[in-house]
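Q: I should like to learn how to read buried helices and paired strands in a structural model. Could the general idea be given for each feature, followed by the case at hand?

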Amino acid sequence: MNRIWVFCEQRDNVLQPVALELMGAARSLAAQSEGTVGALLLGSGVSPLAQELIACGADTVYVVDDEKLAHYTTEAYAQAICQMVREENPASLLFGATSIGRDLAPRISARLRTGLTADCTKLEIDEQGSLFMTRPAFGGNLFATIICPNSRPQMSTVRPGVMPKPVRDDSRQGEIVPVTVAWQTEKLCVRVVEETKESQSVENIEEAKLLVSCGRGVKNTEPAFELAKKMKGTVSSSRALVDAGIMEQPRQVGQTGKTVRPQAYLAFGISGAIQHLAGMEESEYIVAINTDKNAPIFKIANLGIVADAAAVMKELNKLLEEA
Amino acid sequence: MKIIVCIKQVPNTTEIKIDPVTNTLKRDGVPSIINPDDKTAIEAALRLKETNGATVTVISMGPPQAEKALREALAMGADEAFLITDRAFGGSDTLATSTIIAGAIEKLGADLVLCGRQAIDGDTAQVGPQIAEHLGIPQITYAADLSCEGNCIRVKRQFEDRYQILEADMPCLVTVLATMEKPRYMNVWDIVAQDEKEIGKITFADLTLDPARIGLNGSPTKVKSTATKQFDKTIETLELDPAEAAKTIVAALQKRHLL
Amino acid sequence: MTDYKTILFEQMLKDFAENEVKPLAQEIDEEERFPAETVAKMAKLGLFGIIIPRQYGGAGAGYREYIFAVEEISKHCGTTGVVLSAHTSLCAAPILEFGTEEQKQKYLPDLATGRKLGGFGLTEPNAGTDAGNQQTTAVELEDCYLLNGSKIFITNGGEAATYVVIAVTGKGPKGPEMSAFIVEKGWEGFTFGKHEKKMGIRGSATCELIFENVRVPKENLLGKRGEGFKIAMKTLDGGRIGIAAQALGIAEGALDTTVAYVKSRKQFGRPLSAFQNTQFQLADMATKTAAARALVYIAADAKQNKLPTLSVNAAQAKLFASETAMEVTTKAVQLHGGYGYTREYPVERMMRDAKITEIYEGTSEVQRMVISGALLKK
């Protein structure tokens, strides 16, 4: 039986987006390999979430609803999952590549002595249910496709935001299986003293994956911050706005500012003086919006748009609002 | 307290580029460095040494050239260093690697094992937790802060949207984030002193390892194929009205999983 | 066998200079501010004790390492480079070479850890190049020497806590008898006068030392009475290598900056680097800098191995490196064009910093005297 299992991460009893994305991915993998989709739902008071997972594609939801799982700890979650795996022998076991998934999955893989592939951006499967797990390495310069031919389950953590979310179907039928764990309590020895939610920490443009960068063509920077928030990015700036006192110096990109290399660099109203280009030309994907079609920034942009930067920013904010 | 810090020598991936003609990685002349998260682990260990008293042992599994990374750790102030190296270890994936390193830690003995969260070449973040499992000790990953009182390690464990304060009794393993501390520079005293120190070698013969669990044969994962990133050569400049422009940008970003 | 010591030392210095020295260079120049925070960081890394043996708290490395440190730091900031050079060559080195065991144990550990900075007092208003014409006196009393006079243009003046000071102690057969003393900041009668406003190395402290009936204990006589001029000249031999390394660093920094600039700056549709004039200028700059580097390290080895050629080696290194620094930085400004003349780019600062290397610790003319003197003596 080709069982494809997904660890469905929840925080504060809210299913995380990556859990649903993985349900969609597992559904499509199961369809290609005559498999079934199992959802692992762990926590305290999480049982009501099971139905949602069925609607999102689970054939079976294994629910461990236990006070010991109220706060995430590696060992308790590992014990519960390892017990279920040993009882049911799934062929594949997927986790979101979050700070929980990437903590938990390696612990489990070592306990089960099976292979684990980290932070995958693509999953494929053959008819026998063998996974082909593709992941970036060497700072994103290389992509490796990994297989796990001789041991089961084949384990993988999958980068959040990569797999499409499934279309919810509330008429879907599935089985809900409550699981009781035989705890090895003596091993549950890491104590949670405190757990505190926090908003995103201080922004560093050098570490941002996406930069909404503003130049002279942007008079009002407020929409840029709004857009950056929606795009999960950070706001950076050309020198012009820093000199004008509109932007803080730590946000400045270029020769006299910082050198950045984000996955996406969105240049709004930046003409692209050589000093600016020196600080950002290594960005992986560059989008430039400028009214001057001869602006040098267009020579290095992957996507150049001749338009008013402020107007495009406004439209982007509108568009992402709806989404 | 005896602290073992596990470090990896990695190519400085920020300097790796792809040859646009051959579409292969240009690794020539790319300097090797101590993996940044691991360097912070060294710093964390040295601070515990200063505040609580400890011996700091640094270990690395790799080819003989990794000696440089270990010597750099000594020049920062670590007490001793061992290189885990053997042809039999070649081809190990994270599970096999963690098996070997756990074997070495068992042999050396440690109260606290510190690792970097992940290496910039492989980005797996797996070896630390796997070592902890092999050793049968608790793990705390993503440490943003670390202190020690008596036999108890206290860690600020970072998540995307929250943090936990966790406590564990030693022995335990902690993986640290590069943002925890700025690693110190090497200093002239220790740069000179390391010259007189030997780097211990740990080979297959020194450890009690099941040959079936190490190297290529002991690795459940295999690399089926690799490909370099295709250059995004599409350079296009479009004249669009703002609404169309917004749609085009969102579509382009989504296509690349950037949104 | 791999020379890890050198590899690691160079890596540390490059990292440190790039990340800690470079970001402050412009600021301390503009504000004419002593880089106290950088000095504190350098102290923690042991950079002030490179040549001081381990038994006195130093690292026990050699002159090559010390010279490399001055060079690497000066690539980004000439000011910070001379702080290290003056401390090491002009204060720590003479105490190490001429001091008694008691003096070494008392003064070297604090100098090695950088807890105290060192300085050197030789130059006076009427004793510059003519260093023999000293007016500062140290009269021997029963229990001490009574020091009176003043010293000008003293690098690290006011910032340093330990000074080696040259003064006249009597009449010798061929003129005044001079002696060297170790003088501590804070002693009664020892004050600091005018801070100079300079063209370059504007963050380095350059000020006057004033001695008014300063009672210097007899055990602080450095070397024997009457050896002061010899000690001063030998100290300057070492100091000149430090200044040569500073000049070399400034030239290298200007060259690096210019290479990066000409590759990015476009005129007439081509980067400046595509023009043959640029290429040839760079070739000349690089060649002279390489030659300067060779001379500087020959001199460093001569100092390390106490070779009799030291004076000439040091003079040649300083003469050539400082004139090279001046030439290279001037060309660097020219290649930068109008931008090079603005303070937005570092080359104008480098050009101003370079000039002093042709002047202090013996002008280029003095170096020519030393070199030709040795030639014609034979």
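**Reading helices and sheets**

A: In this predicted model, helix H4(B) offers a starting case: B:Val127, B:Gly128, B:Pro129, B:Gln130, B:Ile131, B:Ala132, B:Glu133, B:His134 and B:Leu135 are buried. A residue counts as buried when 20 or more other C-beta atoms lie within 10 Å of its own.

Q: Why is helix H4 of chain B described as largely enclosed by the rest of the structure?
A: An α-helix has 3.6 residues a turn, so residues three or four places apart point the same way. In H4(B), residues 127-135, nine of the nine residues are buried, and the helix is therefore largely enclosed.

Q: What covers the buried residues of H4(B)?
A: The cover includes elements from both chains: helix H4 (101-112) of chain A, and, from chain B, helix H3 (94-108) with strands E8 (112-116), E9 (139-149) and E12 (172-176). After H4(B) comes B:Gly136, with a positive phi near 70°.

Q: How many residues of helix H2 of chain B are buried?
A: Nine of the 10 residues in H2(B), residues 67-76, are buried, and the helix is mostly covered. Among them are B:Leu70, B:Arg71 and B:Met76. The residue that follows H2(B) is B:Gly77, whose phi is positive, near 130°.

Q: How should a sheet be read, and what is the strand order in the open sheet of chain A?
A: In a regular strand the side chains alternate between the two faces of the sheet. The open sheet of chain A has seven strands with parallel pairing, in the order E7-E11-E6-E1-E4-E5-E12. Its edge strands are E7 (116-120) and E12 (175-178), each of which pairs on one side only. On average, neighbouring strands are turned by 20° against each other, direction ignored.

Q: Which strand pairs with E6 of chain A over five bridges?
A: Strand E6(A), residues 92-96, pairs in the parallel sense with E11(A), residues 154-158. Within this pair, A:Gly96 stands opposite A:Val158. Helix H4(A) packs on the sheet, touching E1 (3-7), E6, E7 and E11 of chain A, and its direction makes about 170° with that of E11(A).

Q: Where does strand E18 of chain A find its bridge partners?
A: Within chain A, four bridges join E18 (residues 303-306) to the parallel strand E17 (residues 285-290), and A:Val287 has A:Leu303 as its partner. E18(A) also pairs in the parallel sense, over four bridges, with E15 (residues 236-239) of chain B; there A:Val306 stands opposite B:Glu239.

Notes
Residues numbered from 1 in each chain as written. Chains lettered and ligands numbered in written order. Predicted model: local features only at pLDDT ≥ 70, side-chain atom pairs only at ≥ 80, totals over all residues. Buried ≥ 20, exposed ≤ 12 C-beta atoms within 10 Å, placed from the backbone. Helix = DSSP H or I, 4+ residues; strand = E, 2+ residues; numbered from the N terminus. Contact = placed C-beta atoms within 7 Å. Pairing = 2+ DSSP bridges. Axes fitted to C-alpha atoms, helices over the stretch in contact; angles between N-to-C directions.
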